[in-house]
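The exercises below are meant for a reader who is meeting this structure for the first time. Please look over the sequence and the model before starting, and then work through each task with its solution.

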Amino acid sequence: MRKKIYIAYTGGTIGMRPSESGYAPGDNLMGVLSQRLSPDVLANLPAFDLHEYSQLIDSSNIRPQNWLQIASDIAQRYQQFDGFVVLHGTDTMAYSCAMLSFMLRNLHKPVIFTGSQIPLCEARTDALDNLIGALTLAGDERIKEVCLYFNGRLLRGNRARKLHASQFDAFDTPNYPWLGRVDIDIELNEPQLWQPRGAEQFQLHCDQHSHVGIVPLFPGITAQWMASVLSQPVNAFILQTYGSGNGPDSDQKLLDTLARASDQGKLIVNLTQCTRGSVRQGSYAAGSALARAGIIGGLDTTPEAMFCKLHHLYSMGLETDAVRDMLGVSLAGESSV
């Protein structure tokens, strides 16, 4: 039986049109798509309904209320379709994939994010290949998680990062194998696919105000500068450190500032600035000093996934101690534990 897929067109480069100030979100994507795909091609794809959001956005403008809109859209139509495709801008696609993986836990159907580096309206576009691949994979019953499909690669959504601004192979999962690839044949890496732990659990918690900040370390960072950042009214901070989770352990004032913020209830999570690898706070004295200051290691979670995980958990109303306990639990395959 032919699968039926729901496509949510939220905006992004895939549907953009030229304007005086550069590419801008454009409507009537279905009209453009009908011009680019022949009836014979359409007949060999899963059947689909394309819903165009009334307010299309450049993904650089993504906000938590947009995540709630997309997740609610899928949840409301979950029983009507066999799979879902989200057309989204590439700049914040990794954040959106991660957030939906936490809001739509224990999926039993595919949710595939995709987009393009060049708009569909252009002659030399990657949009058609990405959309056709995403549609095909959204009809595959073996996939039961939020994924990102781009340039022939199927990636776990909450492990993905945008690593290149101007190449078609823009995304990768540095700390996790690809889930599959689409070439002449479609090959899935089935042992790496996420398996649901029981029935679907849709927890559509996503506050509009931010709960999380991101703070990168840099040579010469001062305690005064850190204190100013940590005074912001959020619950948690991601501290992006060096190497395997190291910081300047010779700066006692800086360490005291971090410890004071932690003692006052701020949750500070240690993630490496490196693209690949994991935080191991005990490997070096410089990392152990951060642990003694109350900072929690974030393993090999991406910054995008950790930001969304923390935001989601605090949106659920959890207190900091409960959120801290959840950092060592892989909720949707976002970390190696």
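**Exercise 1.** Which kind of interaction joins the side chains of Asp-140 and Arg-142? Classify both residues by accessibility as well.

*Solution.* Keep in mind that this is a predicted model. As a starting point, side chains of opposite charge can pair when their charged atoms come close. In this case the side chains of Asp-140 and Arg-142 form a salt bridge, with a distance of 2.8 Å from N to O. For the second step, the cut-off needed is that buried means under 20% relative accessible area, while exposed means over 50%. Asp-140, with a relative accessible area of 14%, is therefore buried, whereas Arg-142, at 35%, counts as partly exposed. As a last step, the pair can be placed in its surroundings, since Asp-140 and Arg-142 belong to a network of salt bridges together with Glu-190.

**Exercise 2.** Where do Glu-145 and Arg-156 lie, and how many residues apart in sequence are the parts that this pair ties together?

*Solution.* Begin with the contact itself, a salt bridge between the side chains of Glu-145 and Arg-156 at 2.7 Å, N to O. Glu-145 is found in the loop between helix H5 (127-138) and strand E6 (146-150), and Arg-156 in strand E7 (residues 153-156), so the pair ties together parts that are 11 residues apart in sequence. To finish, both Glu-145 and Arg-156 are buried.

**Exercise 3.** Treat the salt bridge between Arg-153 and Asp-169 in the manner of the previous exercise.

*Solution.* The closest N and O atoms of Arg-153 and Asp-169 are 3.7 Å apart. Because Arg-153 lies in strand E7 and Asp-169 in the loop between strand E8 (161-162) and strand E9 (171-172), the pair ties together parts that are 16 residues apart in sequence. Arg-153 is buried, with a relative accessible area of 14%, while Asp-169, at 28%, is partly exposed. In total, the structure holds 14 salt bridges.

**Exercise 4.** Describe how helix H4 (residues 93-103) and helix H9 (residues 303-315) cross.

*Solution.* The axes of H4 and H9 come within 8 Å and cross at roughly 40°, which makes H4 oblique to H9. The crossing of H4 past H9 is right-handed. Among the residues making the contact are Ala-98 and Phe-102 of H4, and Phe-307 and Cys-308 of H9. Sorted by type, the residues of this contact comprise 9 nonpolar, 2 polar and 2 charged.

Methods:
Residues numbered from 1 in each chain as written. Predicted model: local features only at pLDDT ≥ 70, side-chain atom pairs only at ≥ 80, totals over all residues. Heavy atoms only, no water. Salt bridge = Lys/Arg side-chain N within 4 Å of Asp/Glu carboxyl O. Buried < 20%, exposed > 50% of the residue type's maximum accessible area, 1.4 Å probe, protein only. Helix = DSSP H or I, 4+ residues; strand = E, 2+ residues; numbered from the N terminus. Axes fitted to C-alpha atoms, helices over the stretch in contact; angles between N-to-C directions. Parallel < 35°, antiparallel > 145°, perpendicular 65-115°, else oblique. Left-handed = near helix turned anticlockwise from the far one by under 90°. Contact = heavy atoms within 4.5 Å. Nonpolar A, V, L, I, M, F, W, Y, C, P; charged D, E, K, R; others polar.
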